Amino acid sequence: MDDLIVKTITKLVVPFIQLYGIFVILHGHLSPGGGFAGGAIIGASLILFTLAFGVNHTNKVVPPSVTEKIETGGIIWYALLGFVGIAVGTSFLSNKIAGFPLGNYGSVISGGLISLATIGIGLKVASTMITLFHRIIEED
Amino acid sequence: MISNHLPVYILILLLISAVTTPAIKPSSKKFRPKLVGTLTIASLLALTMFIVVWTNGPFYYNFGNWDSVIGIEFFVDEYTSLFVLAVLLISLLIIIFSLEDILHDIPKEKTPHYYTLMLLMVFSMLGMIMTNDLFNLYVFMEILSLTSCGVISIKRNKANIMASFKYLMLGTIGSVSILLGIAMLYMVTGHLNMGATSQTISSVWQMYPRNILISLSFILTGLGLKAAIFPLHVWLPDAHSAAPTPSSAILSGIVIKIYAFSMIKILFRVIGIDIIKAISINEYLTYFAVISIVMGSVFAIGQKDIKRLLAYSSVSQIGYVFLGIGIATEMGLVAGMYHIIAHAMMKSTLFLSAGAVIYRTGIRKVNEFDGLGYELPLTLGAFSIAALGMIGIPGVNGFMSKWYLGLAAFEIGKPIFIIFILISSFLNAVYFLPIVISAFLKESNRREQIMIRDDIPFTMKAPLVVLGAACIVTGLFPNIIVNVIQRALPTFMTFVF
Amino acid sequence: MANLDMILDNINYIGAFTLFIIGLYTVLTHSNLLKRVIGVNIMETAVFLFFVSIGYIKGASAPILDQITGESFYVNPLPSAMILTGIVVAVSITAYGLSLLINLYKEYGTLELDEIISKEEKAND
């Protein structure tokens with residue numbers, strides 16, 4: 001679309017949407033949300049950017065090769081976190097027994113494995129949503 | 001220390017290999033060795049797990065060291081590890097076959113995506129076999145459903161996309177029914193773990209009999225829809241005949257059996273054999289199984305396309321497995337579980353040899369098979385061995401599964417099932433024997449009567465030879481598999497938590 | 001027989017099953033392929049409604065532990081976690097089904113099942 005109002009408002013609003021998405025991801029163990037919801041919010045902000053500025057401009061800002069690498073990196077990050085439990089001696093995906101730091105109750109750095117894993121999940125969901133949208137909207 | 005975590009190693013190896021496959025260009029030298037190497041290492045790990053379970057007994061694996069009741073756990077017994085090993089070996093052979101064969105269906109740039117989907121399919125199948133938790137079963141089942149639709153529609157053809165859409169819609173109805181059934185079970189018992197549920201189920205049965213009946217009907221309908229029992233099989237012929245050859249081999253050989261095995265797990269471990277005999281649900285399963293056996297063969301007789309014929313024959317063969325489950329004695333379960341592995345080998349051989357014929361000559365119609373035995377002797381030899389097994393000639397493993405089914409039917413005093421098994425063997429012969437005879441004995445006016453060597457690549461010849469030999473070996477020595485099943489049977493008949 | 005109190009107490013479950021049957025009817029009988037995808041979504045929404053209403057206890061609080069009071073009477077959080085996974089599965093199935101429909105539309109020019117079948121029969125003759 002070539003509308004000036006849409007482009008200006010999008011440029012102003014997208015950083016706030018992404019900030020809200022990062023907040024939902026990082027507070028996954030304290031309030032509702034977590035990896036899926038936060039990743040969907042960040043993905044939605046990038047879809048808004050695509051709708052306002054066109055697919056070509058978005059491909060220059062967030063190239064498809066970068067999103068592919070983030071997708072792969074999300075799963076490998078999750079598997080590596082699980083293997084920490086095996087390396088210490090307990091089962092896969094152990095939390096407190098494997099020695100992840102459980103800080104004060106109610107703060108952000110508590111819950112050990114959970115916040116680290118949700119960062120991986122959130123990034124993967126966001127990159128998947130942007131990839132799906134670009135595939136569907138491209139004219140073959 | 002390494003032997004405790006073997007299920008996790010196998011699964012994570014497959015997952016990471018599936019995710020990093022698109023990063024390698026298909027024309028580089030590292031692509032094929034990486035694929036084959038991953039599955040070989042996974043098969044070696046599965047063999048190690050089988051040896052460990054055979055010597056030490058079954059074991060539980062808890063994720064995150066949580067207790068069984070609140071966490072997810074895997075339960076690996078003797079038959080589970082044998083099934084995992086069989087799935088991995090057959091998938092390895094099918095992927096070796098597909099290295100050359102897939103190039104005439106999809107362009108070369110898309111082959112990394114195809115192999116990502118295949119590796120994710122194997123990953124989800126292994127997860128479904130090993131799990132002991134009802135919701136974990138549902139999650140792996142969804143991964144399997146989506147990726148199996150993906151390997152059909154990766155070929156951009158009108159018929160493929162329509163068949164894949166039909167499979168997606170009907171498969172989703174099945175998944176949603178299963179989720180509703182699991183929700184109703186959770187509502188009454190309060191547990192999602194199969195062991196914990198089976199402990200509380202007998203007291204729940206006194207209080208809420210109708211709830212368990214409804215939830216069981218939803219779960220059985222959903223699983224029957226995905227495993228293609230007779231009235232609910234309408235997606236199977238289109239999907240399995242339009243797909244590329246390696247996809248139809250793995251779909252028809254292994255994927256529909258996984259749902260039958262999940263039905264065995266839910267019926268015998270969660271619900272327990274007393275409640276099953278009280279509602280007599282096994283009798284209704286045998287009725288549907290018998291109808292499926294006969295009608296599948298009847299539909300297959302009139303088909304002209306070779307792949308559609310093999311797809312309808314799958315409907316008939318899955319009826320044997322359900323007949324074994326429905327008889328619900330020890331011998332019946334032995335017959336059903338033996339037929340799962342035996343039919344996987346036979347059906348993969350049939351589909352792969354049909355694919356080799358299509359690759360070399362482009363012939364798909366059954367009445368044009370004259371004289372092909374002289375042009376492609378190895379391919380049609382493997383086809384004939386597997387076809388004789390489906391008919392039930394002694395020496396191939398198909399005969400042994402019919403033998404065990406007959407023994408089981410005789411034990412419970414219903415010899416009418418033996419008559420139906422004989423009728424279906426006769427019907428199988430009606431549509432398989434003309435192909436074998438016309439390939440080797442008829443003259444054709446297009447080619448000479450001199451037997452020449454097969455003109456197909458080595459990566460396509462080797463899996464056919466290995467699978468054909470495996471059919472004969474397990475037919476002559478069935479005790480390799482039956483001993484494993486009989487050691488694992490106590491965990492099905494009386495599940496002690 | 002079924003007095004009004006019993007219906008009003010279990011209105012969630014009755015609503016879930018009604019939605020399930022409406023969705024099933026839409027998937028099986030409508031001729032437009034897009035409406036079948038919508039029907040599948042309705043069925044999945046019905047199952048999620050059923051799941052969430054299992055865990056609900058009347059008069060209980062949200063399952064977030066309050067440090068001051070330490071409440072112990074809360075709604076069951078497990079079904080909500082299971083629904084989150086289910087919603088992601090539903091989104092994936094809808095996205096995949098819609099991309100298949102785009103390809104079908106490019107091939108045939110229509111999304112009605114009757115017209116697609118008649119075009120196939122004309123092409124086969």
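**Stop 1: where chain B meets chain C**

Select chains B and C in this predicted model. Their contact draws 21 residues from chain B and 21 residues from chain C. Now show only the chain B side. Two helices of chain B, α5 (134-153) and α6, each supply at least two residues there. The top contributor is α6(B), with 15 residues. Colour this side of chain B by residue class: 16 are nonpolar, three polar and two charged.

**Stop 2: α6 against α7 in chain B**

Stay on α6(B) and select residues 158-189, then add α7(B), residues 194-207. The two helices pack at about 75°, and their axes are 10 Å apart. An angle of 65 to 115 degrees counts as roughly perpendicular, and α6(B) and α7(B) are therefore roughly perpendicular to each other.

Which residues in α6(B) meet α7(B)? Show Leu185(B), Val188(B) and Thr189(B) as sticks. On the α7(B) side, pick Thr197(B), Thr200(B), Ile201(B) and Val204(B). By class, this contact of α6(B) with α7(B) has four nonpolar residues, three polar and no charged.

**Stop 3: chain B as a whole**

Zoom out to chain B. Count 21 helices and two strands. Its C-alpha atoms fill a box of roughly 75 × 55 × 45 Å along the principal axes. The radius of gyration is 22 Å, in agreement with the value near 23 Å expected for a compact globule of 497 residues.

Colour by burial next. In chain B, 58% of the 497 residues count as buried. Then turn to contacts with a separation of 6 or more: in chain B, 80% of them come from residues 24 or more positions apart.

**Stop 4: the nonpolar cores**

Where do the contacts inside the largest nonpolar core peak? Select Val87(B), Met125(B), Leu126(B), Tyr338(B) and Val47(C), the residues with the most contacts inside this core of 206 residues. Note the chain letters: Val47 belongs to chain C.

Centre on Met125(B). Beyond residues up to four places away in sequence, Met125(B) touches Val87(B), Leu144(B), Ile254(B), Val255(B) and Ile258(B). Another core, of 20 residues, lies apart from the largest one. To find this second core, select Phe36(A), Ile41(A), Ala52(A) and Ala126(A), which are among its residues.

**Stop 5: three loop residues in chain B**

Start with Ser280(B), in the loop between α11 (273-279) and α12 of chain B. Check the backbone here: phi of Ser280(B) is near 50°, a positive value in a residue other than glycine. Ser280(B) has 10 other C-beta atoms within 10 Å and is exposed.

Follow α12(B), residues 281-301, to the loop that leads to α13(B), residues 306-327. Lys304(B) sits in that loop. Is Lys304(B) buried or exposed? The count of other C-beta atoms within 10 Å is 11, so Lys304(B) is exposed. Apart from neighbours within four places in sequence, Lys304(B) contacts Lys365(B) and Val366(B). For a sense of scale, draw a distance from Lys304(B) to Tyr60(B): their C-alpha atoms are separated by 49 Å, with the two positions 244 residues apart along the chain.

Move on to Ala328(B), in the loop between α13 and α14 (330-361) of chain B. Phi of Ala328(B) is near 65°, again a positive value in a residue other than glycine. With 23 other C-beta atoms within 10 Å, Ala328(B) is buried.

**Stop 6: chain C alone**

Hide everything except chain C. Five helices and zero strands remain, in the order α-α-α-α-α from the N terminus. The radius of gyration of chain C is 21 Å, well over the 14 Å from the globule rule for 125 residues, so chain C is more spread out than a compact globule. The C-alpha trace of chain C spans about 75 × 45 × 15 Å along its principal axes.

Buried residues account for 19% of the 125 residues in chain C. Of the chain C contacts between residues at least 6 apart in sequence, 50% join residues at least 24 apart.

**Stop 7: chain A**

Finish on chain A. Chain A has five helices and zero strands, running α-α-α-α-α from the N terminus. Along the principal axes, the C-alpha trace of chain A spans about 55 × 35 × 20 Å. Of its 140 residues, 35% count as buried. In chain A, residues 24 or more positions apart make up 65% of the contacts with a separation of 6 or more.

Terms used
Residues numbered from 1 in each chain as written. Chains lettered and ligands numbered in written order. Predicted model: local features only at pLDDT ≥ 70, side-chain atom pairs only at ≥ 80, totals over all residues. Axes fitted to C-alpha atoms, helices over the stretch in contact; angles between N-to-C directions. Helix = DSSP H or I, 4+ residues; strand = E, 2+ residues; numbered from the N terminus. Parallel < 35°, antiparallel > 145°, perpendicular 65-115°, else oblique. Contact = placed C-beta atoms within 7 Å. Nonpolar A, V, L, I, M, F, W, Y, C, P; charged D, E, K, R; others polar. Rg over C-alpha atoms; globule rule 2.2 N^0.38 Å. Buried ≥ 20, exposed ≤ 12 C-beta atoms within 10 Å, placed from the backbone. Core = buried A, V, L, I, M, F, W, Y, C linked by C-beta atoms within 7 Å.
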